[in-house]
Amino acid sequence: MCEKQEKGKMKVVETIKEMKEMSNRLSFEGKSVGLVPTMGALHEGHLSLVRASVNENDVTIVSIFVNPMQFGQGEDFDQYPRTLQEDMEKLLPLNTDVVFAPAMDIIYPEGFNTHIEVRKLSDKLCGAFRPVHFGGVATVVTKLFNITKPAKAYFGLKDYQQTLIIKKMVKDLNMDVEVITCPTIREKDGLAMSSRNKYLTSEERKDALLINKALTKVKRGIEEGSISTDKASEKLREILCTGSHITDIQYASAYDPETLEEINGKSFVGRSILLAIALKAGKTRLIDNISVNLNR
Ligand code: AMP
């Protein structure tokens with residue numbers, strides 16, 4: 001395929017048959033494929049992954065699919081923003097080669113009955129509040145890997161737990177994909193970019209800024225030695241609780257970045273720890289995290 005050489009040409013593929021034919025042809029030609037799985041409503045966070053893939057691969061495929069399997073009952077599957085046309089306008093100038101945008105019944109035809117579950121890691125943090133979420137993610141990502149056959153797949157550290165789960169799945173199931181993680185992209189005021197930020201009222205958005213404020217303040221305190229890791233949860237919550245639109249703090253604490261177990265007095269000197277938060281601002285669920293190096 002020579003789409004890459006023909007700058008600005010982007011192919012939209014909607015069927016598995018066509019996508020597989022293309023990926024088989026690319027692998028026959030020895031071209032490396034980078035995959036960026038997304039649910040669309042693209043922002044700079046997604047685009048940073050696309051840029052990384054375009055830099056490192058012969059061909060970049062961006063999948064856009066709002067995956068029903070990763071939404072629980074009462075979650076925002078129906079409201080989730082669907083902006084395919086705008087998304088394609090953002091992807092074209094980045095030299096994206098292929099947009100894979102299948103319909104729901106293409107990915108989940110009648111009778112679909114298989115489920116991938118990465119145990120343990122999927123029960124922690126977000127998994128405790130969204131019990132079907134990571135199974136849905138693991139299942140759709142497996143399908144996308146099989147359909148597009150990427151050498152590398154790109155995921156954002158904004159969804160830290162998701163990156164751990166995908167890496168574990170790839171290892172456990174001997175998948176031939178290198179999982180690349182990319183830093184969280186933030187708005188100028190520090191709010192982590194998310195397709196769900198669109199749901200926030202201006203008052204809720206102001207309170208949402210407390211998330212990054214809490215993470216950076218507690219990180220600094222831990223690094224300087226003025227906050228012990230055991231006090232991280234208390235200190236994070238103290239800051240978050242000042243927001244009157246913060247309605248539900250689901251978790252906010254310091255975690256082992258490999259197991260996602262909460263750090264309870266365990267020594268992490270010379271290692272890094274993860275500060276992570278999930279809460280609701282109004283009705284909108286937001287997550288964020290930051291890594292802290294304990295070099296003391
Ligand atoms: P989503 O469309 O929300 O499923 O996200 C698709 C990919 O984009 C995932 O790998 C996310 O982790 C990544 N992503 C979402 N927001 C950001 C962000 N602010 N910075 C970096 N990556 C992000």
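**Exercise 1. Find which element supplies the largest share of the shell around the ligand, and describe the make-up of that shell.**

Solution. In this predicted model, helix 2 gives the largest share of the shell around the ligand, namely three residues. As a next step, list the elements that each supply at least two residues of this shell: they are strand 2 (33-38), helix 2 (44-56) and strand 5 (152-156). Then sort the shell by class, which yields eight nonpolar, seven polar and two charged residues. Finally, ask which residues come nearest: of the 17 residues around the ligand, these are Met39, His46, Asp159, Ile185 and Met193.

**Exercise 2. Identify the ligand atoms that lie close to polar atoms of Gly156, Asp159 and Met193, and give each distance.**

Solution. Begin with the oxygen atoms of the ligand. A polar atom in the side chain of Asp159 is 2.6 Å from an oxygen atom of the ligand, while for Gly156 it is a backbone N or O atom that lies 2.9 Å from a ligand oxygen. Turn next to nitrogen: a polar backbone atom of Met193 is found 2.9 Å from a nitrogen atom of the ligand. To finish, consider how much of the ligand is covered, given that on its own it has 480 Å² of accessible area; the protein covers 92% of this area.

**Exercise 3. Decide whether Ser195 is buried or exposed, and locate its side chain relative to Ala41.**

Solution. First place the residue along the chain, where Ser195 belongs to the loop between strand 6 (178-182) and helix 8. Next apply the cut-off, by which a residue is buried when its relative accessible area is under 20%. Because Ser195 has a relative accessibility of 5%, it counts as buried. Lastly, look at the contact made by its side chain: a polar atom of the Ser195 side chain lies 3.2 Å from the backbone oxygen of Ala41.

**Exercise 4. State how many cavities of 30 Å³ or more the structure holds, and describe the lining of the largest cavity.**

Solution. The idea behind the search is that rolling a probe the size of a water molecule over the atoms shows where empty space is left. Counting comes first, and two cavities of 30 Å³ or more are present. The largest cavity has a volume of about 70 Å³, and the residues that line it include Lys158, Ser194, Asn197, Ile211 and Asp288. Two or more lining residues come from each of helix 8 (202-224) and strand 9 (284-293). When the lining of the largest cavity is divided by class, six residues are nonpolar, four are polar and two are charged.

Technical notes: Residues numbered from 1 in each chain as written. Predicted model: local features only at pLDDT ≥ 70, side-chain atom pairs only at ≥ 80, totals over all residues. Heavy atoms only, no water. 1 Å grid on protein atoms, 1.4 Å probe; cavity = no way out; pocket = protein on both sides within 12 Å on 5 of 7 lines; lining within 4 Å. Points joined across faces, edges and corners; volume = space filled by probe spheres on them. Helix = DSSP H or I, 4+ residues; strand = E, 2+ residues; numbered from the N terminus. Nonpolar A, V, L, I, M, F, W, Y, C, P; charged D, E, K, R; others polar. Near = heavy atom within 4 Å. Polar contact = N/O pair within 3.5 Å; in protein donor to acceptor, adjacent residues only side chain to side chain. Areas by Shrake-Rupley, 256 points an atom, 1.4 Å probe, with all protein chains shown as cover. Buried < 20%, exposed > 50% of the residue type's maximum accessible area, 1.4 Å probe, protein only.
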